[in-house]
Amino acid sequence: MTHAMLKGSNVPLDATAVRAVLRWTPGAGVPDVDASALLVGPDGRVRSDEDFIFYNQPRHPSGLVRHLPKTHRADALTDTIEADLTALDPSVARVVLAASSDGGPFAGVTDLRVLLYDAAAPDGEPLAVFDVAPETGEETALICGELYRRGDSWKFRALGQGYESGLVGLATEFGISVDENDASGAGPSADSPSPEASAADPQGEAPTAAVARPVDGAPPAAAPGPAPSGPVSPPPGAWPEEATAPPVGGPQADPAAVTQHVPDRMPEPFSAAPLPPAPTGGYGYPANVPPPPAQPPAQPAYGYPGPPQQQPLYPQQPPAYGYLQQPPQPQPFVPDPSFVLPPQGPQFQRR
């Protein structure tokens with residue numbers, strides 16, 4: 001009995017091995033369609049890139065999932081994926097059945113459908129049929145359906161989910177690293193010379209000038225070439241605009257060539273005049289050394305008289321009439337030089 005599937009519906013499978021046939025009607029301007037399969041784990045990602053089965057990798061290393069060649073059937077083309085479900089590793093939770101278009105989006109593909117057969121009876125009636133219709137028509141990759149585990153048995157679910165990024169976007173969605181150049185087949189070969197190398201050397205040999213690898217973050221420098229036979233002038237732009245003559249002692253350049261400036265020497269307008277020699281003093285002494293600053297007089301210690309105040313040489317004139325006279329200043333204490341302390345010891349003697 002054949003089950004006509006709708007998008008999102010599922011049907012149990014009694015077959016231990018199935019054959020998923022992708023069929024469409026070819027014609028002028030109709031894109032070509034390729035079938036593919038992805039072995040996905042419980043996390044929704046492939047275990048390795050070997051779990052992606054398509055036209056460039058038609059057989060899984062286990063041999064349980066295979067991509068068969070395309071065939072012509074009357075007015076239709078078919079591309080087939082075959083899988084032995086019961087023998088798959090328990091880490092495989094789903095087998096995603098996908099399709100990709102080459103030459104245009106799926107809007108130009110007519111009568112696209114998936115027919116699921118029992119691999120033991122490929123000529124019998126299909127177990128399920130699902131007519132795949134793109135949602136927007138701009139998709140270039142479609143998930144037509146999936147075979148998934150349900151306990152110890154398997155089921156088939158019809159999906160029809162589309163991707164506008166093609167087979168590369170579909171594979172990346174399930175965790176596969178795909179090189180777009182390798183996937184499209186348009187990438188340049190690693191052994192073929194580049195157009196720049198062919199233009200530089202028609203014989204296919206590598207040019208003599210190479211770029212050296214930078215050291216410690218320095219910019220790349222050109223590899224040394226053959227030494228020049230004639231005198232070499234400095235590169236343009238190494239001299240300032242006002243310089244019109246070669247440096248003193250340098251090689252004589254061609255008068256028609258532009259003279260350059262040596263970076264190690266400044267032009268004459270910018271040369272500084274020598275400074276006059278500094279004056280020197282006597283032998284062993286520096287010149288023009290200022291005298292040391294005067295030290296303030298030391299304060300007398302507590303209990304000792306300070307230095308005597310100097311008396312004016314001329315008597316002071318009495319203040320004029322009507323002005324107050326300044327009070328006399330106290331004289332400092334002068335100890336008596338004949339003063340002697342009494343002897344130390346007891347003040348009374350026993351009689």
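Reader: Before we start, what counts as buried here?
Author: A residue is called buried when its relative accessible area is under 20%, exposed when that figure is over 50%, and partly exposed in between. Please keep in mind that this is a predicted model.

Reader: OK, so where does F52 fall, buried or exposed?
Author: F52 has 4% relative accessibility, and because the limit for burial is under 20%, F52 counts as buried.

Reader: And which ring does F52 pair with?
Author: F52 forms an aromatic pair with F54, and the two rings are stacked, lying 4.5 Å centre to centre with 15 degrees between the planes. F54 is buried as well, its relative accessible area being 15%.

Reader: What about F54 and Y55, how do their rings meet?
Author: Their ring centres are 5.2 Å apart and the planes stand at 75 degrees, so F54 and Y55 make an edge-to-face pair. Y55 itself is partly exposed, with a relative accessible area of 35%.

Reader: How many aromatic pairs does that come to?
Author: The count is two aromatic pairs, and ring pairs link F52, F54 and Y55 into a cluster.

Reader: Switching topic, which residues have the most contacts inside the largest nonpolar core?
Author: Those are L88, L112, L147 and F156, in a core that has 38 residues. Another core lies apart from it, made of 15 residues that include F54, A98, A141 and L167.

Reader: What does L112 touch?
Author: Leaving aside residues up to four places away in sequence, L112 touches L22, R23, W24, V33, F106, D131, V132 and L142.

Reader: Why would nonpolar side chains be buried together?
Author: As a general matter, that is a tendency of nonpolar side chains in soluble globular proteins.

Reader: Any charge over a ring, and where does the charged end of R157 sit?
Author: The charged end of R157 sits over the ring of Y148, at 4.1 Å from the centre of that ring.

Reader: Zooming out, how many helices and strands are there?
Author: The secondary structure of the protein comprises three helices and 12 strands. Among contacts between residues at least 6 apart in sequence, 63% join residues at least 24 apart.

Reader: And how much of the protein is buried, and how much area is exposed?
Author: Of its 351 residues, 25% count as buried, while the protein exposes about 25,900 Å², with carbon and sulfur atoms supplying 57% of that area.

Technical notes
Residues are numbered from 1 along each chain as its sequence is written. This is a predicted model: local features need pLDDT of at least 70, side-chain atom pairs count only at pLDDT 80 or more; totals for chains, interfaces and linings use all residues. Side-chain values use heavy atoms; hydrogens and water are left out. Helices (H or I, at least four residues) and strands (E, at least two) are DSSP runs, numbered from the N terminus. Buried means under 20% relative accessible area, exposed over 50%, partly exposed in between (1.4 Å probe, protein chains only). Contact means heavy atoms within 4.5 Å. Accessible areas come from the Shrake-Rupley method with a 1.4 Å probe; for residues, only the protein chains shown count as cover. A nonpolar core is a set of buried Ala, Val, Leu, Ile, Met, Phe, Trp, Tyr and Cys residues joined through side-chain atoms within 4.5 Å. Rings of Phe, Tyr and Trp (its six-membered ring) pair if their centres lie within 6.5 Å; planes under 30 degrees apart count as stacked, over 60 as edge-to-face and the rest as tilted. A charge sits over a ring if NZ of Lys or CZ of Arg is within 6 Å of the ring centre and within 35 degrees of the ring normal.
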